[in-house]
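Welcome! Take a moment to turn the model around on your screen, and then let us walk through it together.

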Amino acid sequence: VSVDSDDREGLPWSWKVPALESGDQPAMLYEPGNWGDVLKGSWAVLIVEAQAKAQCRRVLRYLDPYAGSPTYPLTAASAQRLSWLGAGRFLDAQALWLEIGRLASTALLVRAAGAACGLEVRLEVFDSDPQRRAAWCEQPGVRVLEAANGEAVLRAADADMVLVDPYDFLDRWPEILPLAVQAAQGGAVLIYLYNKSPRGSGHARNYKRLRDAIERTAPSGVLIGRVPSDVVLPRAFHEVILLAPPGLAESVRPELLRTTKRLACKLSTTGAFEDAGASPKDRGSTGGPRRQRR
Ligand SMILES: C[S@@+](CC[C@H](N)C(=O)[O-])C[C@H]1O[C@@H](n2cnc3c(N)ncnc32)[C@H](O)[C@@H]1O
C-alpha cells in the first residue's frame, strides 16, 4: 500500500504535472482530471442545468475569477482514472474534449451544458497567469477581464453563477469567503476546497473555523459535497461548497446528492478491501485507478 502521493505537508505548492507532460501548458500546480475536477465539474454542470430549468432563463452570466486555462492536455494518469470511472455527468460533459485528448475547463463545460439546454452562457474569466489569460483571449465569445487579481474580480462580481477555485482556498478563506458570500447575493457561488483536515489538528481547526464562518455569514442554501483524494489512504478531501438562493439549492439538491454519493461510493468501496497477496493477473481487474494526485 503506497501512501497518498499528494503529500505537500508544510511545503509550498509543488508542480504536479511537469511542463514536459503538460505539453502546451506551463507546468500545473495540480493534475487536471483529478477527483476534485470530477466532483467540481459534475456540480457545475448540474447547477447550470438546474438554473436553465428552474428559472426559464435564456442567458446566464458565468464568472470564473480563477479560470486556469480553457483546456488541458489529458495526461495518461487522468485518462486511466476517467476510464476506470466509466460513466457519469463529468464524462458525458467532457466527451467532445476527451475524444481529442484534452480536458475542458469548468467554464467551457458550463457553456456547453448550458447550450444543450438552450441557454446562452456568457463567460467572463480572469487568471493571474498571463499565459492562461492569453489562451482565453483565443476562445470566441469569452470576455477576459483585466484586474489586479481574482479577489478584485470577485469583489466586483455581477453574475448568475461564480466559481471560486484558487488553489489554496483553505489557506486564504478569511479573505475570500466574505467576497464569495457577497457574490452569492446575486446568484449561485460554487467554491472548490482542498480539505487537508486529515493531516493534522491545525488543518482540522482551520476547516472548522471556515465551516463556522459559512454558517454565520452564508445565505440559507448551502450544500457541500466531498470525496476522498485517494482510493486507499486519503490524506485530504476534495470538497465543493455551493452557496445558492434557496429555490435553486432545493431544485438542484437531489441530483447533486445522487451524483456525489455515487462517486464517493465508488472511490471508498474500491479502497475498502485489498487482495494484496494475489498477482494483478489473478486479481482479475486493473486494480482500480492509479494513485490519486490532486
Ligand atoms: C485550479 S486552477 C483553476 C481551474 C478552473 N477554475 C477550472 O475549474 O477549470 C486555479 C487557477 O487559479 C489561478 N490563481 C491562483 N491564485 C490567483 C489569484 N489570486 N488571482 C487570480 N488567479 C489566481 C492560478 O493561476 C490557476 O490557473
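## The whole chain

The surface is a good place to begin: about 13200 Å² of the protein chain is accessible, and carbon and sulfur atoms account for 54% of that. Please keep in mind that this is a predicted model. The chain has 294 residues, and 53% of them count as buried.

Along the chain you will find 10 helices and nine strands. Among contacts between residues at least 6 apart in sequence, 75% join residues at least 24 apart.

## The sheet

Look next for the open sheet, where seven strands line up in the order β5-β4-β1-β6-β7-β9-β8 with mixed pairing. At its edges stand β5 (142-144) and β8 (221-228); each has a single partner strand, so one side of each lacks a neighbour in the sheet. From one strand to the next, the twist averages 15°.

What joins β8 to β9? Eight bridges do, and the two strands run antiparallel, with β9 covering residues 237-244. To see one such pair, find Ile224, whose bridge partner in β9 is Ile241. Strands of a sheet pair through backbone hydrogen bonds, either parallel or antiparallel.

## Helices on the sheet

Helix α7 (residues 169-183) packs on the sheet and touches β6 (161-164), β7 (188-195) and β9. The direction of α7 makes about 170° with that of β7.

Helix α8 (residues 201-217) lies across β7, β8 and β9. With β8, α8 makes an angle of about 155°.

## Inside the protein

The largest nonpolar core holds 54 residues, of which Trp43, Ile47, Tyr62, Trp136 and Leu242 touch the most other members. Which helix gives the most to this core? Helix α1 (residues 35-55) does, with 11 residues.

Trp43 is worth a closer look. Leaving aside residues up to four places away in sequence, Trp43 touches Leu190, Leu223, Ile224, Gly225, Val240, Leu242, Leu256 and Thr260. Another core, of 29 residues, lies apart from the largest one, and its members include Tyr66, Ile176, Ala184 and Ile241.

## A crossing of two helices

Finally, find helix α3 (residues 89-99) and helix α4 (residues 106-116), whose axes come within 10 Å and cross at roughly 100°. That angle makes α3 roughly perpendicular to α4. On the α3 side, the contact is made by Phe90, Ala93, Gln94 and Trp97, while α4 contributes Leu108, Leu109 and Ala112.

Note on methods. Residues are numbered from 1 along each chain as its sequence is written. This is a predicted model: local features need pLDDT of at least 70, side-chain atom pairs count only at pLDDT 80 or more; totals for chains, interfaces and linings use all residues. Side-chain values use heavy atoms; hydrogens and water are left out. Helices (H or I, at least four residues) and strands (E, at least two) are DSSP runs, numbered from the N terminus. Buried means under 20% relative accessible area, exposed over 50%, partly exposed in between (1.4 Å probe, protein chains only). Contact means heavy atoms within 4.5 Å. Accessible areas come from the Shrake-Rupley method with a 1.4 Å probe; for residues, only the protein chains shown count as cover. Two strands pair if DSSP finds at least two bridges between them. Axes are lines fitted to C-alpha atoms, for helices over the stretch in contact, and angles run from 0 to 180 degrees between N-to-C directions. A nonpolar core is a set of buried Ala, Val, Leu, Ile, Met, Phe, Trp, Tyr and Cys residues joined through side-chain atoms within 4.5 Å. Angles under 35 degrees count as roughly parallel, over 145 as roughly antiparallel, 65 to 115 as roughly perpendicular and the rest as oblique.
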